[in-house]
Amino acid sequence: MKRLIYVILLLSLLCACAPAETPPEPSPPAEASDGGFKVHTDYTNYTPYSPPEAKYTRLKEEWIENLAPRKDYGTLYPFAGTPLYISYNEGYSHQSGALYGLFDANGRIVADPTYAEITRLSYYDYSTSESMACPFLLLTRSVFTGKVENEFGEYYEGSSVYAIASLDGSFVTECKYGYVRGFADGVLCAASYESQSFVLYDNYGNVLMTDKDIPFDDYWCGSISYDEGIISINASTSYDDCTYYYLDLDGNILHGPYAGLTPYSCGTAVVRFGGEEGEVIIDRAGKRTSPHNYSYLSSKGNGLYVLYDDDGSCSLIDAKGNTIFDAGTDTLFETPYGYCGWKYTDTSSFCYFFDKHGNLLLDSSETEWAEVYDTPLASHQTDSGVEVINVETGERLFIPGADYVGPIYTDALIGDVAKTVNCVIARDFESEQSIVLDFTPAKIMEHSVEFAQVFADELSGKEYVYIDGTLYDNEFNVIGSYPNIDRVYDGMIMYSDTTGFVYADMQGNIIFRYNYLMESGD
Amino acid sequence: MKRHLIFIIVLALCLMLAACGGGGEATPTPVVPVEDAFVFTRDNFPKMDGSTACIPLGEAVASVLLGESREDCADLVQFNRTTQSFRNLKDGLCDILIVGQPNAAVFDEMEAEGFEYELETIATDGLIFVVNENNPVDNLTTEQIRGIYTGEITNWSEVGGNNESIVPFQRNEGAGSQALMVKLVMGDTPMMEPPQEYLIDSMGGLMAAVKGYDNSASAIGYSVYYYANDMKMAEGLKIISVDGVEPSPETIRSREYPHLNAYYSVIAASEEEMSPARILFNWLVSEDGQRLVDMEGYVSNINFE
């Protein structure tokens, strides 16, 4: 019996090793010959084209024009629909973008691509000098209003209208607002900048205030700011003197009128009194906190102010008017490491770097150092390259051949959370090559870079660097390779190819694929 | 023991079945180069350019001539769209095009600059029309299509369908299928204004953009057969016959289908006889090259069925 078993197994193995009777179809010839040339072909690694399958479900069978509020979506994710094109210059066609839709945490499309743009709403934070993300999506739709023909040709006229939605879609406004402004603790939605009809929501979509609460007849929504629980407003549609007020959320006047004011920050604000020269710092009750009127004050959002003196030199003061340090420069800007000021003469300009306490880090009066914006680096160009110094550590690095050193900002699409990461790019224009530098401490991270881009996760704000097809985290650990990257959202990579739009996780697994409905290019 | 024997026989049968069932996927046998065969390498491989619709074919060509996978060849298939790729060939930025029909203006440009080229048809495609799969209309005449896109025919009942308004979607000027629509169907007849349902903001200001298919029951639109069928772009939509002819590889190859469009390979006329670009140019119309075109789902010049 054992022999029989061995024979059966042997026969079966022999069968397995023998070539199939039917040759694979279609089978190309071993070598082609045409026009007298034989061409070597090798199909070893060839696989016939197979278009990627779409990967999503739908909330409804029918086309979903507008996002409807629901409590059960979970996080919403924007995706791009079929690319759109415009043609100009006798046949040059350029991709103009796409319309955007949303899918939910279950991979269901909950709004078809009908929005011209979907981004995070943002506000400007004085304390960090950066755009900060609000907990809302800004849904933009462009409205065609007419076609104009004149001597320059034909063009379309239109305007944009906006809706806001919470990140989980539980709160969604109508897509009808022409002016939306985000604050740290809320968002104002109005028909337009110049209108007198608005709704102020808190960050959960609850109505805090409407135009009915405003005690004035004459104002523009564009003049309203909401900071630290206080409304500031210009009660005039012209630039009349002394028409600025601070209100509470019930519309009660807290104090005013002023000839000018700034929003509250760290419990203080800057105002101009009617009939007085200069600016004054006040507290929440409207009482002066500083002993003097100053020619010009710029709030740093952390309770400190840059004072521009009458003689033009800058110093940093606190809300009580105490001098933190006297920079003696013509300008003074806050930076991530401290302050940077410029001093101008008739023939030159010099850059000075200070830490947050006013200690001078670098004096460029002898060597023409220039700030590398939004980084702790300064650069100095020579005939043979660019020298870079980390003003915090004093480390220096010379980059031969470089023509330029600059920060890498997040993609403009994101905008609302534009940031830099711990690196800059040095560019050699002649060879068209770049290198990427880590500036803490300053050292070369990547050589011969052709393409570098920075992304901030639009939900978490975590930063990533994309260099020549490889994605790194902000500590330069490799995450993976991607053909291109459009955005990073909630820890997922968004990219597009010729067939569709894709969300992949950090391991490269495709979570969502929306294939374009028509050809993506000519 | 009997149970063991049955198990072993079943196992053996499974092995034999597995051995016989290997023909599901086309896996051509790797070849050994013969003497005098031209061998493409990454060093001598011509720089390709062309249309977006030809990217899969470009990848396949690079794959079988270099022995690499499609994915590994992706860096060699950076196509810049039809019209721009012709300009790139003229300017010496690439060696060979795998390409669809360009904007006519580019031929004038090439002539004006004295650029001479050679062009061969390597595959044929058709401009097809799609409606929602629930639309009862299965066929339109070219005249009816022209009537729909001039705005003369506005209701599906006028062409045998339901009493519903027709929503004729167009592509923007510059999209390949829009150029084909004008060339093959409309001719000198101007198309009606497209429905400007959405606009899109850009750095250049506000500009018009036509919404893609919304797949509504009353919509009609157009694309090319390769995209709509082989690239599975028409899911949920129905491809209709035109002038009574259903678009298919057979009716496109036989030129029975009325609205056809060619894919070409193009090189500079100055390419030498033994240059890699000319060798590839010739290979694409050879039986071997055409078989690859067919395997990739394009309607090849040669019928291999």
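Biologist: Which strand of chain A is A:Arg141 found in?
Modeller: Let's start gently, and keep in mind that this is a predicted model. Looking along chain A, we find A:Arg141 within the run of residues 130-150. That run is strand β8.

Biologist: Which side chain of opposite charge is nearest to A:Arg141, and how far away is it?
Modeller: A:Arg141 is buried, yet it has no salt bridge. A salt bridge needs the charged atoms to be within 4 Å. The nearest candidate lies 4.8 Å away, and that side chain belongs to A:Glu65.

Biologist: Which side chains make polar contacts with A:Arg141?
Modeller: There are two to look at here. One contact, of 2.5 Å, joins the side chain of A:Arg141 to that of A:Thr114. The other, at 2.8 Å, is with the side chain of A:Asn66.

Biologist: Is A:Phe103 buried or exposed?
Modeller: First find A:Phe103 in strand β5 of chain A, which covers residues 92-103. Buried means a relative accessible area under 20%. For A:Phe103 the value is 2%, so this residue is buried.

Biologist: Which residues does A:Phe103 touch, not counting those up to four places away in sequence?
Modeller: Some partners come before A:Phe103 in the numbering: A:Thr75, A:Leu76, A:Tyr77 and A:Phe79. The others are A:Arg108, A:Ile109, A:Val110, A:Tyr503 and A:Phe512.

Biologist: What distance separates the C-alpha atoms of A:Phe103 and A:Glu151?
Modeller: Along the chain, these two residues are 48 residues apart. In space, their C-alpha atoms are separated by 44 Å.

Biologist: What is the order of the strands in the open sheet of four strands in chain A?
Modeller: The pairing in this sheet is antiparallel. β29 (370-371) and β32 (396-400) each have a single partner strand, so one side of each is left without a neighbour in the sheet. Reading across, the order is β29-β30-β31-β32.

Biologist: How many bridges join strand β30 to strand β31 in chain A?
Modeller: β30 spans residues 377-381 and β31 spans residues 385-390, and the two run antiparallel. They form a hairpin with three residues between them. Within the pair, A:Ala378 stands opposite A:Ile389, and A:Ser379 has A:Val388 as its bridge partner. The number of bridges joining these strands is five.

Biologist: Which residue in the turn between β31(A) and β32(A) has a positive phi?
Modeller: β31(A) and β32(A) run antiparallel and are joined by five bridges. Across this pair, A:Ile389 stands opposite A:Arg396. The strands form a hairpin with five residues between them, and the turn residue with a positive phi, about 80 degrees, is A:Gly394.

Biologist: Why is β31(A) largely enclosed by the rest of the structure?
Modeller: Check the two faces of the strand. A:Gly385, A:Glu387 and A:Ile389 point one way, while A:Val386, A:Val388 and A:Asn390 point the other way, and all are buried. The strand is largely enclosed because the count of buried residues is six of the six.

Biologist: Which residues touch the most other members of the largest nonpolar core?
Modeller: This core has 71 residues, and helix α2 (residues 55-66) of chain B gives the most to it, with eight residues. The members with the most such neighbours are B:Val61, B:Phe129, B:Met181 and B:Leu280.

Biologist: Which residues is B:Val61 in contact with, leaving aside its neighbours within four places in sequence?
Modeller: Two of the partners are B:Phe45 and B:Ile98. The rest of the list is B:Leu280, B:Trp283, B:Leu284 and B:Leu292.

Biologist: How many residues of helix α11 of chain B are buried?
Modeller: The helix covers residues 287-295. Its buried residues include B:Leu292 and B:Val293, and also B:Asp288 and B:Arg291. Just after the helix, B:Gly297 takes a positive phi of about 95 degrees. Helix α11 is largely enclosed by the rest of the structure, because the buried count among its nine residues is seven.

Biologist: Which residue with a positive phi follows α4(B)?
Modeller: Helix α4 covers residues 82-90 of chain B, and eight of its nine residues are buried, so it is largely enclosed by the rest of the structure. Among the buried ones are B:Phe86, B:Arg87 and B:Leu89. After the helix, the phi is near 75 degrees at B:Gly92.

Methods: Residues numbered from 1 in each chain as written. Chains lettered and ligands numbered in written order. Predicted model: local features only at pLDDT ≥ 70, side-chain atom pairs only at ≥ 80, totals over all residues. Heavy atoms only, no water. Core = buried A, V, L, I, M, F, W, Y, C linked by side-chain atoms within 4.5 Å. Buried < 20%, exposed > 50% of the residue type's maximum accessible area, 1.4 Å probe, protein only. Contact = heavy atoms within 4.5 Å. Pairing = 2+ DSSP bridges. Lys, Arg positive; Asp, Glu negative; His and termini not counted. Polar contact = N/O pair within 3.5 Å; in protein donor to acceptor, adjacent residues only side chain to side chain.
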